[in-house]
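Reader: I am new to this structure. Please take me through its labels and show what stands behind each one.

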Amino acid sequence: MASSSTQLGDIEERFFECSFCLQTLKEPKTLPCLHRYCRECLKKIIAEKKDAFNCPLCDEKCDVPPEGVDGFKTDFFIKNVLEFCQLENTYKEDNVKRCRGCKEVKNVICYCFKCRDFLCQQCYQFHLDNDMVEEHRPHLLDLQTVNVRSLTLEKLTSLTEDPRCAVHVKRPAEMCCETCGNTPICVACVFGDHKGHLTHEVRNLAKSEGEKMKAMMTTLDKCKDKLYELPKRVAKVRRALEETVEEQLENARIKHKKASEKVLGKAEEEKQVLEKQRNAIIMRNKEECKQVRKEMEEEMKKLKEKYDKILQGKEQSCGREVEKVDRQTGIVDEKSSAKVEKYNRELQGYEEKVRASQVDSEERISEVADHATNTINRYENLTVTAQTVQASHDEWTEAQCLPAITAAGEVLIEEAREEFSDLESLSETGVRESVMFIEQVRITDSHESVVDIEGIERGCLVNGITSSGDGNIIVTGWAQGGKSHITVINRKGGVIRQNQIQGEAGSTYTPVRYCHSFSQHITATVCGSNQVGLYDNRDGGYVSKNIKDMHITWPNDATCVTTDPLNNIYVGGYHREVLVLDDQLNYLRTIKLPGIISWAIDIAVHDNHLIVCDYGGNRSYAVSMQGEEAQVVYQFTKPDGGQYPLSVCIDSNQYIYMLWYGSGGRILTQYSQDGRQLLTTRKVDKDAWCITVIGTEEEEELLVATMKSRKIHTFGLLEE
């Protein structure tokens with residue numbers, strides 16, 4: 001904040017420039033956003049506007065007063081400062097001027113702000129000695145002893161004449177009319193033209209407005225660091241986006257190269273086998289022909305015709321077999337070429353999607369950057385304006401200028417507080433690459449292994465299963481004594497660690513716990529008692545919140561949980577509401593499921609859709625995730641004998657797997673990548689309750705967990 005010693009030389013020249021014509025302000029008019037324009041420039045700006053216009057500098061909307069350009073406030077303080085600067089320039093050019101008092105052209109040494117003109121030595125002395133002009137003395141400036149540029153704002157204000165009544169121009173103004181925009185008035189006007197208006201003594205009004213602006217500036221300064229940090233965040237996100245795009249494209253190119261090389265290598269192996277078959281056929285034929293020739297020579301002419309026919313038959317048979325092998329070789333070449341061409345198209349399409357996503361993200365990033373630049377410019381303009389007005393220590397100036405500064409500051413505070421919660425997420429493209437370069441994934445005909453889960457007490461249940469980035473498995477469920485459990489096991493079923501969590505005191509809900517992978521080492525989990533949390537698989541650390549404490553409408557009992565690539569958490573229950581939380585377990589929004597759905601026993605995010613296993617309605621659906629009201633996108637085909645769905649998961653190639661309760665036992669199903677085609681069904685353990693996918697070094701596997709017997713069945717997922 002500027003002090004009373006602030007000098008005119010300390011104020012940047014651009015502070016006195018019109019933001020439209022870029023010249024020194026003439027008859028300055030001030031907008032609500034505190035940007036100033038010459039009266040004629042502002043008149044041009046609003047010439048074609050009827051009711052409102054946008055400030056050319058900061059784009060803030062401003063209403064046009066009924067009086068037009070004259071309805072905007074004249075910045076008398078800046079006008080006086082400009083008049084003083086003009087006085088300095090005039091005196092620098094020539095100190096020989098016409099004296100206001102004696103009317104003679106001579107050296108002038110003083111300027112009278114009451115007369116608004118220069119005085120010579122004699123007339124200056126007259127002003128000092130004669131009581132007739134006593135009221136002029138406080139407004140005299142001795143040009144011989146003062147450095148104009150080092151003159152303080154407080155001194156300048158004391159030299160200029162106080163405002164006069166807007167109606168009785170010969171009377172000094174003693175009051176301010178707030179009803180008329182703090183217009184200066186005399187005492188007579190209080191009982192005349194301004195009778196019934198809200199009026200104030202200028203000293204009280206200046207003090208009140210000064211306190212308001214001080215409080216506003218304190219609040220705004222608290223936002224200063226955050227405001228200046230926003231451009232750094234924008235730059236950081238831009239760099240992260242570029243790095244993410246390049247990394248994704250490089251990974252896609254590597255996968256494309258490996259897949260193409262794999263196809264071509266396999267085709268070459270098949271061709272080599274076929275070539276060996278071809279050579280073997282030819283060699284066998286040669287040997288047979290050789291034997292025939294030998295026999296032919298022995299039989300001589302007697303058997304020549306007979307063996308000529310045999311030779312002819314052998315040659316024809318050989319030609320047919322070789323032709324067949326050649327056709328098979330051509331088919332292999334065509335198939336391998338077609339696959340590589342398909343991979344090329346997939347890579348091209350993927351690159352186009354990534355680039356398009358980058359363009360969309362860059363547009364949003366540019367919007368945030370422009371907002372940051374605009375807000376910072378307005379903050380700096382407001383700060384300079386506030387400092388300049390307060391440095392004047394003039395009550396009239398403060399009474400007329402501070403309300404507008406405070407109003408503009410309140411608007412600026414709201415804009416500076418904007419969080420831009422979507423900014424960091426713009427570094428991700430959201431384009432899926434895992435479905436490229438894959439023809440088909442097939443479930444093995446039978447399970448490859450079965451392991452018992454050790455370390456879980458008899459009577460406890462397994463209600464949820466997921467995998468971690470380090471190759472371990474997490475199972476959750478109900479435990480005895482009103483508790484639930486979170487158990488980390490290895491691939492052989494051995495317990496690495498286990499946490500038993502006590503249910504809420506007085507709760508009538510069974511503490512059944514469900515889970516889904518959140519990140520490489522973190523698992524998202526919910527409990528039927530409405531507890532949602534994040535569990536660290538490495539050390540057992542656990543943070544949680546109760547949904548009831550989020551101050552939202554939520555029917556009791558959570559039944560399922562899943563996550564999306566942006567680390568949002570989705571929670572479903574015995575109703576049609578799905579909660580969406582961020583990675584800090586903060587509430588974001590609620591998705592209302594379509595009326596055709598009763599309640600979700602399990603959910604999963606797939607291709608911007610939410611897959612819902614509707615236990616109550618005996619069906620499974622893919623629904624939209626945008627907005628508050630979800631819409632059905634498609635319905636999954638129910639397998640023969642299937643009654644209602646139990647669990648759902650998705651592999652890295654976006655194939656969908658679902659576990660169904662059937663009349664003859666549990667049924668494991670595989671659906672196409674778009675979810676609209678039922679590809680495979682498998683009969684599994686009748687106690688199976690939940691499924692998940694786990695990755696190995698070479699491929700993925702499908703895990704099926706039983707609820708009461710606490711076993712895990714493993715099925716292979718073969719890429720073909």
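Author: Start with a definition: two strands pair if DSSP finds at least two bridges between them. The model here is predicted. β15 and β16 form a hairpin with five residues between them. Glycine 471, in that turn, has a positive phi of about 90 degrees.

Reader: How do you know that β15 and β16 pair?

Author: Count the bridges. β15 and strand β16 (residues 473-479) have four, in the antiparallel sense. At least two are needed, so the strands count as paired. Within the pairing, threonine 466 stands opposite isoleucine 474 in β16.

Reader: What makes both faces of strand β15 covered?

Author: In a regular strand the side chains alternate between the two faces of the sheet. In β15 (residues 464-467), Gly464 and Thr466 lie on one side, and Ile465 and Ser467 on the other. All are buried.

Reader: Which strands form a hairpin with glycine 493 in the turn?

Author: β17 and β18, with five residues between them. The phi of glycine 493 is positive, about 95 degrees. Seven bridges join strand β17 (residues 483-489) to strand β18 (residues 495-502), and the two run antiparallel. Valine 488 stands opposite arginine 497 in β18.

Reader: Why are α7 and α8 called roughly antiparallel?

Author: Look at the angle. The axes of helix α7 (residues 224-299) and helix α8 (residues 304-391) cross at roughly 180 degrees and come within 10 Å. Angles over 145 degrees count as roughly antiparallel, so α7 and α8 earn the label. Their contact has 38 nonpolar, 13 polar and 22 charged residues.

Reader: What makes β19 and β22 edge strands?

Author: Each pairs on one side only. They belong to an open sheet of four strands, in the order β19-β20-β21-β22, with antiparallel pairing. β19 meets strand β20 (residues 522-527) over five bridges. There, arginine 513 stands opposite cysteine 527 in β20.

Reader: Why is the pair of tyrosine 111 and phenylalanine 118 called edge-to-face?

Author: The whole structure has nine aromatic pairs. In this one the centres are 5.2 Å apart and the planes 75 degrees. Centres within 6.5 Å make a pair, and planes over 60 degrees apart count as edge-to-face, so both tests are met. Tyrosine 111 and phenylalanine 118 are both buried.

Reader: How do you know that lysine 97 lies over the face of phenylalanine 118?

Author: Lysine 97 is 5.5 Å from the ring centre. The cut-off is 6 Å, so the distance fits. The charge must also be within 35 degrees of the ring normal. Lysine 97 does lie over the face.

Key:
Residues are numbered from 1 along each chain as its sequence is written. This is a predicted model: local features need pLDDT of at least 70, side-chain atom pairs count only at pLDDT 80 or more; totals for chains, interfaces and linings use all residues. Side-chain values use heavy atoms; hydrogens and water are left out. Axes are lines fitted to C-alpha atoms, for helices over the stretch in contact, and angles run from 0 to 180 degrees between N-to-C directions. Angles under 35 degrees count as roughly parallel, over 145 as roughly antiparallel, 65 to 115 as roughly perpendicular and the rest as oblique. Ala, Val, Leu, Ile, Met, Phe, Trp, Tyr, Cys and Pro count as nonpolar, Asp, Glu, Lys and Arg as charged, and the others, Gly among them, as polar. Buried means under 20% relative accessible area, exposed over 50%, partly exposed in between (1.4 Å probe, protein chains only). Rings of Phe, Tyr and Trp (its six-membered ring) pair if their centres lie within 6.5 Å; planes under 30 degrees apart count as stacked, over 60 as edge-to-face and the rest as tilted.
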